[in-house]
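Got the viewer open and a selection box ready? Let's walk through this one stop by stop, picking residues as we go.

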Amino acid sequence: MTVVIVIAVLLVIVTGVQLLKIAELRAKSKGENIWEVKEKDGKFQASLMIVFLIAYMAYFFWQIYAWGDRVLPEPASEHGVPYDFLLNLTLGIISSVFVLTHIFLLYFAYKYAYSAKRKAYHFAHSNKLELIWTIVPSLALTVLILFGLNNWNKIMKPVPAETEHVLLELTGQQFTWTARYAGEDKKLGRSHVTLIEGANATGVDATDEFAKDDKIVKGEFHLPVNVPVQFVFRSIDIIHSAYMPHFRSQMNCVPGVKTQFNFVPTKTTAEMREITGNKDFNYILLCNKICGAAHYNMQMDIVVESKEDYEKWLAEQKSFVE
Amino acid sequence: MTSIAMENMDYKQEVKNKTSKPLLWIGIVSIVMFFGGLTSAVIVSQGGGGFINIALPDAFLVSTIVIVLSSIAFHLGLLATKKGKQQQAKMAVLATMVLGLTFVFTQYLGWSDLVARGYYLSGTSQESSYLYLLTILHVLHLIGGLVSLSIVLVKTFKKRYTPQNYLGVEVSITYWHFLGGLWIYLFFFLMYITA
Amino acid sequence: MSTHHHHHEDFLFKYIFSTDHKMISKQFLITGFTMGFIGLVMSTLFRLQLGWPGESFEMVELLMGSWQENGIMAPDKYLALVTMHGTIMVFFLLTAGLSGTFSNLLIPLQIGARDMASGFLNMLSYWFFFLSSVLMLISLFVEGGAASAGWTIYPPLSALPQAIPGSGAGMTLWLFSMAIFIVSSLLGSLNYIVTIFNMRTKGMSMTRLPLTIWAFLFTAIIGVLSFPVLLSAALLLVMDRMFGTSFYLSDIYIGGQVLDHAGGSPILFEHLFWFLGHPEVYIVLLPALGITSEIISTMARKPIFGYRAMIGSMMAIGFLSFIVWGHHMFVTGMNPFLGAVFTFTTLLIAIPSAVKVFNYITTLWKGNIVYSPATLFSVGLVSTFITGGVTGLVLGNSALDINVHDTYFVVGHFHIVMGLSAIFGMFAGVYHWFPKLFGRMMNNKLGNLHFWTTIASAYGVFFPMHFLGLAGVPRRYYTNSEFPLFDNMVDINEFVSTFAVIALVAQLIFMFNFIYSAFRGPRAPQNPWKGTTLEWTTPVEHIHGNWYGEIPAVYRWPYDYSKVDENGEFLYGDDYIMQTTPMGENENDGGH
Ligand code: HEM
Ligand SMILES: [Cu+2]
Ligand SMILES: [Cu+2]
């Protein structure tokens with residue numbers, strides 16, 4: 001096998017060298033310089049620019065057509081709606097810019113190919129034009145920035161303590177997730193890595209009053225629909241990232257630091273199964289920060305259900321002291 | 001005329017005259033960024049709570065005085081060289097050398113003091129780690145300065161510098177002043193964060 | 001004139017320890033391309049895994065040995081390859097390879113200097129680069145494998161061999177290699193800056209510099225300001241790894257043990273790293289932009305449109321690049337107010353970038369474009385710069401980044417805007433200045449073929465990645481097959497990987513053309529592309545000192561193409577006027 005490949009490669013190289021030599025000799029015999037770009041060849045390359053324009057744009061739209069429905073389904077969280085709006089707005093703007101500038105670029109590249117009959121136009125600058133293309137992008141950007149900052153401030157605002165909400169801690173470690181509910185007292189007990197021992201895999205402090213009723217779950221966690229969820233993120237080893245794409249939500253889990261994020265789930269798992277037409281659909285929590293060999297398989301399922309179902313499920317879970 | 005002016009010693013000298021100092025200056029900028037990065041790191045870390053308060057060793061104050069004196073001595077040396085007073089220049093550069101070595105010695109005293117008080121490079125606190133790291137890195141840069149200073153010293157003793165030709169002294173002194181300034185910055189910075 | 005005597009330098013000093021900028025340029029080019037090819041092969045290998053996860057590629061096992069047991073790549077080896085690929089491409093190919101080659105070649109030739117300010121430092125710069133390349137490659141073979149924490153080497157992953165085997169000896173070598181690399185880069189930058197400021201020939205004012213030189217100048221300045229900070233970041237990491245300090249580490253339980261480290265923060269590393277990391281993308285990009293500015297103008301036989309605006313936008317980009325690093329850290333839990341500030345500064349960069357694009361397009365408008373392979377790659381660069389640039393508006397906006405951060409959307413974005421643009425600029429530069437590098441011409445037909453296959457396969461590889469990203473596929477995943485969610489990504493992944501293989505094959509065309517032409521290509525004339533700049537006044541053969549006799553003086557800016565008199569006839573009879581041609585009596589300098 002190896003021998004065959006080596007021979008084949010050698011043959012290709014030798015043929016290539018011979019072809020180049022022949023081409024050079026032919027050019028020489030015609031008194032031409034082989035490296036000089038002949039008008040005819042330039043025109044051909046220029047026409048390829050048009051082919052490229054058409055092919056590239058067709059490719060772009062084909063991808064949208066073929067793969068456009070494989071992107072994330074409609075958002076399952078409250079802030080996901082303005083998120084998707086801004087995303088689509090931005091994608092719309094940049095797609096138009098992309099298409100338009102390519103039309104100009106490649107059309108000019110085609111149209112103005114070298115011809116001995118023409119002279120290029122010595123045109124070195126124009127303050128007016130340059131001003132236009134400083135101002136127009138600035139305006140478009142202003143819109144995007146304003147929308148963005150507005151959304152961002154809303155997204156990052158923690159759930160006010162007085163609002164009814166679920167307080168949930170997610171702890172990352174190579175290569176699993178652990179969820180901890182605050183329990184009856186609505187407070188998470190202290191935790192520290194020095195307390196990790198046996199079944200207490202995330203180091204919850206058993207002596208802390210607040211910890212006693214905390215509920216620790218693995219494999220999957222549940223959320224009530226339409227109730228704000230305040231997440232707190234921890235890691236006990238290296239950086240992970242809690243990514244819940246359907247909720248348009250991501251936050252890093254950093255050892256030694258507590259981070260947070262919150263959202264309001266708006267669609268139950270059952271509803272989402274209907275929307276996606278996939279009866280096996282599940283919301284998912286993935287790790288999205290390189291964390292080691294099994295990074296690609298660090299996951300936890302999320303179930304969103306009615307408040308009643310959620311409370312029933314939670315009641316079945318053991319509390320920390322048990 | 002040789003057709004390739006490159007081989008011409010005058011040309012080489014001219015390039016050297018024109019570019020030695022700018023090269024050094026830009027080198028200095030990169031060293032500033034290096035220490036700038038580290039001292040910003042100290043500030044960011046300070047917010048994180050890995051700090052305990054450590055009084056700066058008194059020896060570091062002595063270092064500060066010594067390095068200022070060394071810069072003055074070197075400056076006198078340069079003036080003497082410019083005026084062609086070679087005897088004076090010798091004494092001044094020699095004094096700079098002695099003061100430079102004294103500086104390193106006082107740094108060593110400072111570290112010993114820290115060790116005696118139980119602060120180590122690692123395992124004590126971040127502040128302790130930073131204290132060692134910044135001062136050691138400064139001394140490492142200073143060793144470069146000492147090397148260049150010894151070249152100046154030797155050349156001064158060999159009477160290589162004249163009032164017309166003292167580029168080497170100028171380059172060396174620029175770096176030396178910079179090291180002094182850097183130390184003073186570090187000293188006040190450390191004083192500020194340990195206060 | 002012809003009495004030049006040949007020094008009988010021995011081989012060692014002519015080819016190895018040369019202080020001649022032209023030779024050093026070639027050394028950078030060849031070392032850079034070699035590294036780049038290795039990085040490219042790596043990407044093809046891990047793309048095979050992503051396209052056909054778990055499938056056995058026995059042929060690859062021949063190459064990879066124990067890394068590819070039974071033809072299947074192991075997950076930790078996958079991460080090692082991704083990390084080395086990223087590191088090699090960004091630093092070795094596109095920082096040292098690109099800047100090192102063209103700054104070295106063009107700065108003295110285009111400003112009219114006999115060599116760099118310090119040939120000795122320049123030589124050191126190359127040899128440090130070479131040493132760091134060798135160390136980086138050796139790290140592939142050490143116990144535990146090469147560094148595997150991603151090219152961004154975030155601790156704690158990069159600090160703890162318990163977390164991934166590559167963080168042992170492999171990471172140590174990575175850090176040492178990069179430290180040497182940084183020294184090399186700094187020595188280079190020092191030289192470039194000082195040479196540009198101090199060694200310009202008579203008449204070469206700053207506003208008569210070709211845009212290439214401006215680009216190299218900004219690149220070097222950015223390098224001097226940012227690389228030392230990376231060095232400081234790396235140093236603290238080395239301390240944590242080797243001396244037990246806790247700059248970055250705190251509260252860690254791993255391998256059944258609580259570590260002693262307390263009080264540190266990995267976020268500190270991210271700040272220091274990205275303070276370099278973002279400017280780094282412009283270190284990669286600006287030289288490519290400079291090169292294409294020059295080529296587009298020369299080949300369109302038109303002045304570059306908006307010379308001052310081009311300089312101004314590079315300056316703006318360079319400045320802004322230092323105050324946007326936080327856009328890589330929107331989801332690290334940073335203060336939301338800071339996030340807002342970084343969103344603002346980041347999106348601002350779009351403005352000077354847009355100015356550049358429109359100026360390129362206007363330069364082509366009503367030009368008389370000669371299509372060499374360099375022209376093709378330059379037009380290609382404008383295309384990739386647009387395609388990759390626009391998606392930056394999604395990633396730079398904190399409110400949108402939260403859901404695409406670290407997904408394949410990012411991989412698509414930075415490969416196109418930084419990887420492809422810089423590579424295209426580099427190819428364009430090689431085709432265009434090959435006569436200055438090797439005194440011979442490359443083959444145009446092969447060059448054209450190389451361009452079309454490359455751009456087609458490149459978009460085949462990187463465009464679909466946006467869709468993967470919008471579907472939530474994370475980057476740095478060994479396979480997407482563990483999530484039912486991603487089951488319908490299989491054919492996209494196969495599509496991408498197929499084009500990755502084609503892209504590799506396409507580069508063989510270039511390799512062949514390059515090697516053949518360097519040794520056997522037709523001899524170059526002095527000024528094959530009819531350029532106006534000083535490098536085209538030097539003799540074709542390489543001589544020490546670049547010009548026989550005096551260095552020519554300069555009388556005009558570098559873009560007097562197709563200048564006509566009031567009758568519409570070319571001034572001086574041709575469509576280009578060399579910078580060395582004195583201004584005619586009533587000639588209008590156009591006010592540049
Ligand atoms: C055809 C050529 C290339 C292919 C097929 C390719 C493919 C890829 C892929 C698929 C990844 C992501 C792997 C993952 O996240 O699991 C990646 C990462 C990367 N590539 Fe490329 N790449 C190519 C060329 C380049 C070039 C020219 C650059 C120069 C900028 C580059 C820079 C990077 C960097 C910085 C990363 C990130 C590495 C990391 O995650 O630590 N690549 N490449
Ligand atoms: Cu993880
Ligand atoms: Cu950035």
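## A tour by selection

Start by selecting C:His466, which sits in helix 17 (residues 464–470) of chain C. Keep in mind throughout that this is a predicted model. Is C:His466 buried or exposed? Its relative accessibility is 6%, so it counts as buried. Expand the selection to see what it touches: beyond its neighbours within four places in sequence, C:His466 is in contact with C:Thr391, C:Phe409, C:Gly412, C:His413 and C:Ile416.

**Next stop: the copper ion**

Select ligand 3, the copper ion, and show the side chains around it. Which protein atoms act as its donors? They are ND1 of C:His278, NE2 of C:His327 and NE2 of C:His328, at 1.6 to 2.0 Å from the ion. Read along the chain, these donors have the spacing H-x48-H-H. C:His278 belongs to helix 8 (residues 266–300) of chain C, while C:His327 is in the loop between helix 9 (307–320) and helix 10 (336–348) of chain C, so the pair ties together parts that are 49 residues apart in sequence. Switch on a surface for the protein and you'll find both C:His278 and C:His327 buried.

**Salt bridges**

Over all chains, the whole structure has 22 salt bridges. As background, side chains of opposite charge can pair when their charged atoms come close.

Staying in chain C, pick C:Asp406 and C:Arg475, whose side chains form a salt bridge with an N to O distance of 3.4 Å. C:Asp406 is in the loop between helix 14 (398–404) and helix 15 (408–438) of chain C, and C:Arg475 is in the loop between helix 17 and helix 18 (490–520) of chain C, so this pair ties together parts 69 residues apart in sequence. With a relative accessible area of 5%, C:Asp406 is buried. C:Arg475, at 13% relative accessibility, counts as buried too.

Jump over to chain A and select A:Asp84 and A:Arg248, a salt bridge at 2.7 Å, N to O. What does this pair link? It joins distant parts of the chain, 164 residues apart: A:Asp84 is in helix 3 (residues 80–111) of chain A, and A:Arg248 is in the loop between strand 6 (240–244) and strand 7 (249–253) of chain A. Both A:Asp84 and A:Arg248 are buried.

For another setting, try A:Lys40 and A:Asp41, which meet in a salt bridge at 3.8 Å, N to O. A:Lys40 has 61% relative accessibility and counts as exposed, whereas A:Asp41, at 22%, counts as partly exposed.

**Two helices worth isolating**

Now select helix 2 (residues 39–67) of chain A. At 1.5 Å a residue its 29 residues should span 42 Å, and the end C-alpha atoms are 41 Å apart, which agrees. Colour its buried residues, among them A:Met49, A:Phe52, A:Leu53, A:Tyr56, A:Phe60 and A:Trp67. As you look down the axis, remember that an α-helix has 3.6 residues a turn, so residues three or four places apart point the same way. What covers the buried residues of helix 2 of chain A? The cover includes helix 3 of chain A together with helix 12 (373–390), helix 16 (444–462), helix 17 and helix 18 of chain C.

Then isolate helix 6 (residues 169–198) of chain C. From first C-alpha to last, its 30 residues reach 44 Å, close to the 44 Å expected at 1.5 Å a residue. Of those 30 residues, 23 are buried, so helix 6 of chain C is largely enclosed by the rest of the structure.

**Last stop: chain B**

Colour by chain. Two pairs of chains are in contact, and chains A and C share the most contacts. Chain A and chain B have no contact joining them, and their closest C-alpha atoms are 9 Å apart.

Select B:Leu23, in helix 1 (residues 9–48) of chain B. Its relative accessible area is 11%, so B:Leu23 is buried. Apart from residues up to four places away in sequence, B:Leu23 touches C:Ser118, C:Leu121, C:Leu190, C:Asn191 and C:Val194.

From there, measure across to B:Leu76: the two C-alpha atoms are 24 Å apart in space, with their positions 53 residues apart in sequence. B:Leu76 belongs to a nonpolar surface patch along with B:Leu61, B:Ile65, B:Val68, B:Leu69, B:Ile72 and B:Leu79, with about 590 Å² of accessible area together. One member, B:Ile65, lies in helix 2 (residues 58–83) of chain B.

Definitions and conventions: Residues numbered from 1 in each chain as written. Chains lettered and ligands numbered in written order. Predicted model: local features only at pLDDT ≥ 70, side-chain atom pairs only at ≥ 80, totals over all residues. Heavy atoms only, no water. Donors = N, O, S within 2.8 Å, 3.2 Å for Na, K, Ca; no water. Helix = DSSP H or I, 4+ residues; strand = E, 2+ residues; numbered from the N terminus. Buried < 20%, exposed > 50% of the residue type's maximum accessible area, 1.4 Å probe, protein only. Contact = heavy atoms within 4.5 Å. Patch = residues over 30% accessible without salt bridge, like charges linked within 9 Å, V, L, I, M, F, W, Y side chains within 5 Å. Areas by Shrake-Rupley, 256 points an atom, 1.4 Å probe, with all protein chains shown as cover. Salt bridge = Lys/Arg side-chain N within 4 Å of Asp/Glu carboxyl O. Expected span 1.5 Å × (residues − 1).
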